[in-house]
2 protein chains.
Amino acid sequence: MLPSELEHYLHTQIPLSQAMAVRVVSIADGAVVLSAPLAPNTNHHATVFGGSAAALAMLAAWSLLHTRLRAAGVSSRLVIQRSSVEYLRPMAGEFSARATLGAMPDWARFNAALARRRPARIAVQTVVEHAGEVAVRFTGEFVAVSDHNL
Amino acid sequence: MLPSELEHYLHTQIPLSQAMAVRVVSIADGAVVLSAPLAPNTNHHATVFGGSAAALAMLAAWSLLHTRLRAAGVSSRLVIQRSSVEYLRPMAGEFSARATLGAMPDWARFNAALARRRPARIAVQTVVEHAGEVAVRFTGEFVAVSDHNL
């Protein structure tokens with residue numbers, strides 16, 4: 001999937017991503033990077049609204065799983081179950097979110113559960129940065145259900 | 001503070017709240033309730049985007065602390081430090097977020113720290129509902145710093 005395709009998908013399917021002016025920076029097997037400008041995501045301190053930072057992190061995490069599942073030819077419904085977010089420092093400008101998978105056995109287990117048409121759980125870590133510094137750490141736990149179960 | 005005043009403040013200071021079409025339903029000493037419609041907050045499953053649900057919950061939590069501090073005549077800078085969110089079920093329409101404080105001693109401790117011009121920490125719980133059912137549980141930990149320290 002090309003970054004432009006994912007960006008179009010996000011903007012049309014999740015309109016808040018368009019309101020946030022989310023850009024897809026890169027898609028690789030191990031990481032998806034999104035970015036957003038400050039203006040539509042600002043708060044009353046002229047820094048990034050915490051809800052925008054968490055939403056960008058979640059979109060990056062979801063996009064990583066979505067693009068990997070598509071590349072593997074798996075059709076599934078992917079839903080977030082739990083998230084935790086640590087806000088380390090304010091961000092006074094453009095910010096980016098890099099989502100990565102944990103240990104690879106997790107991905108193998110996740111795929112094996114999907115192949116058996118069972119709910120498959122996986123955690124994704126996203127780091128949100130501004131000006132080269134980590135500002136927010138996000139962990140999301142997702143569950144995927146094979147479309148054949150729906 | 002009137003609901004219309006808080007709503008105007010949120011829409012002008014945090015533009016994402018306007019993009020989400022957030023409404024302030026009620027403000028009381030013990031609870032703030034916000035709501036938002038599905039359309040600007042939808043995802044590709046035609047249910048509420050998890051990032052929107054978490055953002056509405058965070059806005060409600062922040063608004064509860066902000067309005068209480070203003071009512072107490074305290075001027076401070078209020079920042080989120082940590083949040084955790086549980087997604088229990090999808091929401092296929094308008095959703096609302098009710099933020100409440102925990103035990104009252106927490107609020108007393110929080111105010112006492114602020115009065116001493118020290119960073120004051122407090123946790124706020126928000127429940128997000130759709131069609132009368134709890135769909136999302138949010139906990140946010142905030143820190144407030146007296147404006148005199150800035």
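**Reading a two-chain predicted model**

Helix α4 of chain A (residues 104-115) has 12 residues, and from its first C-alpha to its last it reaches 17 Å, close to the 16 Å expected at 1.5 Å a residue.

Me: What comes right after α4(A)?

Reply: Keep in mind that this is a predicted model. α4(A) is followed by R117(A), which has a positive phi, near 60 degrees. You can look at the other chain too: phi of R117(B) is near 60 degrees, a positive value in a residue other than glycine. R117(B) is found in the loop between α4 (104-115) and β5 (120-130) of chain B. With 13 C-beta neighbours inside 10 Å, R117(B) counts as partly exposed.

Me: Where is A21(B) found, and is A21(B) buried or partly exposed?

Reply: A21(B) is in the loop between α2 and β1 of chain B. Its phi is also positive, near 60 degrees, and this residue is not glycine. There are 15 other C-beta atoms within 10 Å, so A21(B) is partly exposed.

Me: Now strands. How many bridges pair β1 and β2 of chain B?

Reply: Strand β1 (residues 23-27) and strand β2 (residues 31-36) of chain B pair over 4 bridges, in the antiparallel sense. To find your place, look for I27(B), which stands opposite V32(B) in β2(B). The two strands, β1(B) and β2(B), form a hairpin with 3 residues between them.

Me: Which strands of chain A pair with β5(A)?

Reply: Strand β4 of chain A (residues 95-101) is joined to β5(A) by 6 bridges, and these two run antiparallel. There, T100(A) has Q125(A) of β5(A) as its bridge partner. Strand β6 of chain A (residues 133-146) pairs with β5(A) over 11 bridges, again in the antiparallel sense. In β6(A), A144(A) is the bridge partner of A120(A). β5(A) and β6(A) form a hairpin with 2 residues between them, and A131(A) in the turn has a positive phi of about 50 degrees.

Me: Which side chains of β5(A) point to the buried face?

Reply: Follow the strand and you'll see the side chains alternate. A120(A), I122(A), V124(A), T126(A), V128(A) and H130(A) point to one face and are buried. R121(A), A123(A), Q125(A), V127(A) and E129(A) point to the other face and are not buried.

Me: What about the core: which residues touch the most other members?

Reply: The largest nonpolar core has 89 residues, and those touching the most other members are L56(A), A57(A), A60(A), L56(B), A57(B) and A60(B). Take A60(B): leaving aside residues up to four places away in sequence, A60(B) touches V32(B), V33(B), L34(B), A97(B), R98(B), A99(B) and T126(B).

Me: How are the two chains related?

Reply: In general, two copies of a chain are related by a rotation about an axis and a shift along it. Here, a turn of 180 degrees and a shift of 0.0 Å along the axis lay chain B on chain A with an RMSD of 0.0 Å. The two copies are therefore related as by a two-fold rotation axis. In chain B, S84(B) has the C-alpha nearest the axis, 2.1 Å from it.

Me: How many residues does each chain bring to the contact?

Reply: Chain A brings 27 residues and chain B brings 27 residues. On the side of chain B that touches chain A, β3(B) gives the most, with 8 residues. By class, that side has 14 nonpolar, 11 polar and 2 charged residues. Strand β3 of chain A (residues 76-87) is joined to β3(B) by 5 bridges, and the two run antiparallel. One spot to look for is V85(A), which stands opposite S83(B) in β3(B).

Methods:
Residues numbered from 1 in each chain as written. Chains lettered and ligands numbered in written order. Predicted model: local features only at pLDDT ≥ 70, side-chain atom pairs only at ≥ 80, totals over all residues. Contact = placed C-beta atoms within 7 Å. Nonpolar A, V, L, I, M, F, W, Y, C, P; charged D, E, K, R; others polar. Pairing = 2+ DSSP bridges. Least-squares fit on C-alpha atoms with pLDDT ≥ 70 in both. Core = buried A, V, L, I, M, F, W, Y, C linked by C-beta atoms within 7 Å. Buried ≥ 20, exposed ≤ 12 C-beta atoms within 10 Å, placed from the backbone. Expected span 1.5 Å × (residues − 1).
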